[in-house]
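Visitor: Hello! Could you show me the structure and walk me through it with some questions and answers?

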2 protein chains.
Amino acid sequence: MASDRDVTARAQIRNCALRLFGERGPDAVTVRDIAACANVSPGLVLHHFGSKQGLRDAVDAHVLSMFDAMLATAIEDPAAFAKGGTPQISSFAELFASAIPAGSPIPAYLRRLLLSGDPMGKKLIQQWFELTVTTVDALAASGNLQPTQDRAALAAFLLVNDLAMIVLHDYVADALGTDPLSPEGMRRWASTAFDVYRHGAFTKEES
Amino acid sequence: MASDRDVTARAQIRNCALRLFGERGPDAVTVRDIAACANVSPGLVLHHFGSKQGLRDAVDAHVLSMFDAMLATAIEDPAAFAKGGTPQISSFAELFASAIPAGSPIPAYLRRLLLSGDPMGKKLIQQWFELTVTTVDALAASGNLQPTQDRAALAAFLLVNDLAMIVLHDYVADALGTDPLSPEGMRRWASTAFDVYRHGAFTKEES
DNA sequence: TTTCCTACTGACCACCTGTTCAGTACATTG
DNA sequence: CAATGTACTGAACAGGTGGTCAGTAGGAAA
């Protein structure tokens with residue numbers, strides 16, 4: 001209904017809003033900014049979306065549907081998700097990186113969404129958390145998990161670590177000199193993470 | 001010069017601004033909001049800080065000095081930082097939790113700072129990253145580190161994981177039902193993290 | 001053609017914003 | 001005492017904001 005190839009003015013307004021909201025935050029973007037970006041009059045923005053809030057809601061819904069589509073792949077085959085060996089997708093971050101094309105405004109928008117404390121962000125994370133718990137339980141059932149008393153905390157730990165890489169993406173890129181969402185950067189990051197998740201990072205020391 | 005016990009109108013304005021900026025973001029807070037919170041007239045805010053931007057700068061400087069003081073403890077004894085055994089401080093997050101009192105506006109402010117892409121946040125993270133690299137190197141020198149080719153990536157991974165808990169604090173609290181910055185919550189979180197960092201999370205599976 | 005509907009424009013309005021400024025209260029200094 | 005300076009107020013102002021609205025253009029239906 002509203003694909004990326006949608007070139008109607010309405011879709012262009014929504015895409016511009018998505019990008020600008022992600023870059024500067026919704027409060028710092030005016031209706032006139034969005035209209036200028038989409039080469040339409042400010043009035044048309046309100047005509048199509050009723051209000052600025054209506055536009056925000058529409059952008060939210062659009063992003064949400066993208067994430068739903070992204071997760072649908074993982075959910076339909078939960079066993080392959082986060083499994084060992086040489087998996088295509090071994091973490092949430094990798095799933096994210098594989099689903100979002102380079103230069104996409106989605107990561108920046110997600111960053112703002114989580115920052116703003118928007119209820120939609122809460123729902124999103126809750127959904128992802130449940131998926132992670134399911135995955136951890138599956139790993140435990142197949143004997144591929146280290147003995148752990150607190151699976152919920154482990155799931156939260158794993159999920160939050162992946163989300164952090166996305167949310168703090170720019171800082172990671174600065175520190176490492178590699179974009180961790182690019183194929184090479186993701187290989188480096190996933191390799192490090194997987195090393196830690198399999199063997200740990202520290203050795204035992206005499207107590 | 002500007003301690004927490006400072007009850008001058010100037011300090012109250014700064015403290016109110018710190019809290020409100022952290023809660024809603026600087027753009028969503030008006031000078032009148034801050035003045036009302038501090039029980040002063042809007043004019044006084046500008047009288048003391050010149051402009052809203054001047055107030056933002058003052059708040060930034062105040063927060064920065066707090067972090068400097070926090071890190072001074074860790075830097076003066078880097079060996080104790082992130083060391084094994086039964087340490088008081090075994091992670092950046094724990095250092096953070098121990099230095100920031102409950103109900104402090106600092107975590108929320110840090111969250112905004114990091115996610116807003118402010119240059120000050122970049123400088124802060126760079127500083128913390130260097131400290132983490134130093135710590136990782138120290139661990140490697142003392143033989144307490146698993147063999148790793150990519151120490152920079154490991155340092156970034158560890159730092160980002162700790163920051164994630166702070167930045168995504170509210171979501172973690174929701175998922176776990178425990179505030180991960182409270183003493184009990186931190187114990188739970190640190191226990192999970194330390195388990196993973198010592199033994200890993202997943203077991204090897206046949207290739 | 002006439003009618004209608006939808007996309008679209010641009011001028012306009014009420015409101016809120018950061019900021020200015022003349023003026024007050026009051027303690028300190030000469 | 002007068003004078004000086006500082007903390008402080010509240011009314012005002014200019015600019016920008018989201019939102020409204022009368023009106024235009026143009027295609028489809030009658």
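Here is a short conversation that goes from a single chain to the pair of chains and then to the DNA.

Visitor: Before we start, what kind of model is this?
Guide: Good thing to ask first. What you have in front of you is a predicted model.

Visitor: How many helices and strands does chain A have?
Guide: Follow chain A along its sequence and the pattern reads α-α-α-α-α-α-α-α-α-α. Each α there stands for a helix, and the count for chain A is ten helices and zero strands.

Visitor: What percentage of the residues of chain A count as buried?
Guide: A residue is called buried if 20 or more other C-beta atoms lie within 10 Å of its own. Chain A has 207 residues, and the share of them that counts as buried is 41%.

Visitor: How far apart are the end C-alpha atoms of helix H7 of chain A?
Guide: Helix H7 of chain A covers residues 119–141, which makes 23 residues. The expected span is 1.5 Å times one less than the number of residues, so for this helix it should be 33 Å. The prediction and the model agree, because the end C-alpha atoms are 33 Å apart.

Visitor: Which residue just after H7(A) takes a positive phi?
Guide: Let's look first at the helix itself, whose buried residues include Leu124(A), Trp128(A), Phe129(A) and Thr132(A). Just past H7(A) there is a residue with a positive phi of about 75 degrees, and that residue is Gly143(A).

Visitor: Is Leu158(A) buried or exposed?
Guide: You can find Leu158(A) in helix H8 of chain A. Leaving aside neighbours within four places in sequence, Leu158(A) is in contact with Thr132(A) and with Ala201(B), a residue of the other chain. It has 25 C-beta neighbours inside 10 Å, and the cut-off is 20 or more. Leu158(A) therefore counts as buried.

Visitor: What kind of axis relates the two copies?
Guide: In general, two copies of a chain are related by a rotation about an axis and a shift along it. Here chain A can be laid on chain B with an RMSD of 0.2 Å, using a turn of 180 degrees and a shift of 0.1 Å along the axis. The two copies are thus related as by a two-fold rotation axis.

Visitor: Which residue of chain A has the C-alpha nearest the axis?
Guide: Try looking along the axis of that 180 degrees turn. The nearest C-alpha in chain A is 1.9 Å from the axis, and it belongs to Gly200(A).

Visitor: Why can we say that the copies meet through the same surface?
Guide: The contact takes 53 residues from chain A and 53 residues from chain B. The copies meet through the same surface because the interface residues of chain A that are also interface residues in chain B make up 98%.

Visitor: Which helix gives the most to the side of chain A that touches chain B?
Guide: The elements that give two or more residues to this side are H6, H7, H8, H9 and H10 of chain A. Its residues divide into 29 nonpolar, 13 polar and eleven charged. With twelve residues, the helix that gives the most is H8(A).

Visitor: How many residues are in the largest nonpolar core?
Guide: Among the residues that touch the most other members are Ala156(A), Val160(A), Ala156(B) and Val160(B). Ala156(B) touches Val172(A), Ala175(A) and Leu176(A) as well as Phe129(B), not counting residues up to four places away in sequence. The number of residues in this core is 119.

Visitor: Which helix gives the largest share of the surface near DNA strand C?
Guide: DNA strand C is surrounded by 17 residues, and the closest include Ala9(A), Ser41(A) and Thr30(B). By class, this surface has seven nonpolar, seven polar and three charged residues. Its largest share, four residues, comes from H3(A).

Visitor: And which helix gives the largest share near DNA strand D?
Guide: Around DNA strand D there are 17 residues, and Thr30(A), Lys52(A) and Ala9(B) are among those that come nearest. The largest share of that surface, four residues, comes from H3(B).

Visitor: Is Asn39(A) buried or exposed?
Guide: Asn39(A) lies in the loop between H2 and H3 of chain A. It has a positive phi of about 60 degrees although it is not a glycine. A residue with 12 or fewer other C-beta atoms within 10 Å is called exposed; Asn39(A) has 10, so it is exposed.

Note on methods
Residues are numbered from 1 along each chain as its sequence is written. Chains are lettered from A and ligands numbered from 1 in the order in which they are written. This is a predicted model: local features need pLDDT of at least 70, side-chain atom pairs count only at pLDDT 80 or more; totals for chains, interfaces and linings use all residues. A residue is near a molecule or strand if its C-beta atom, placed from the backbone, lies within 6 Å of it. Ala, Val, Leu, Ile, Met, Phe, Trp, Tyr, Cys and Pro count as nonpolar, Asp, Glu, Lys and Arg as charged, and the others, Gly among them, as polar. Copies are superposed by least squares on the C-alpha atoms of residues with pLDDT of at least 70 in both. Two residues are in contact if their C-beta atoms, placed from the backbone, lie within 7 Å. A nonpolar core is a set of buried Ala, Val, Leu, Ile, Met, Phe, Trp, Tyr and Cys residues joined through C-beta atoms within 7 Å.
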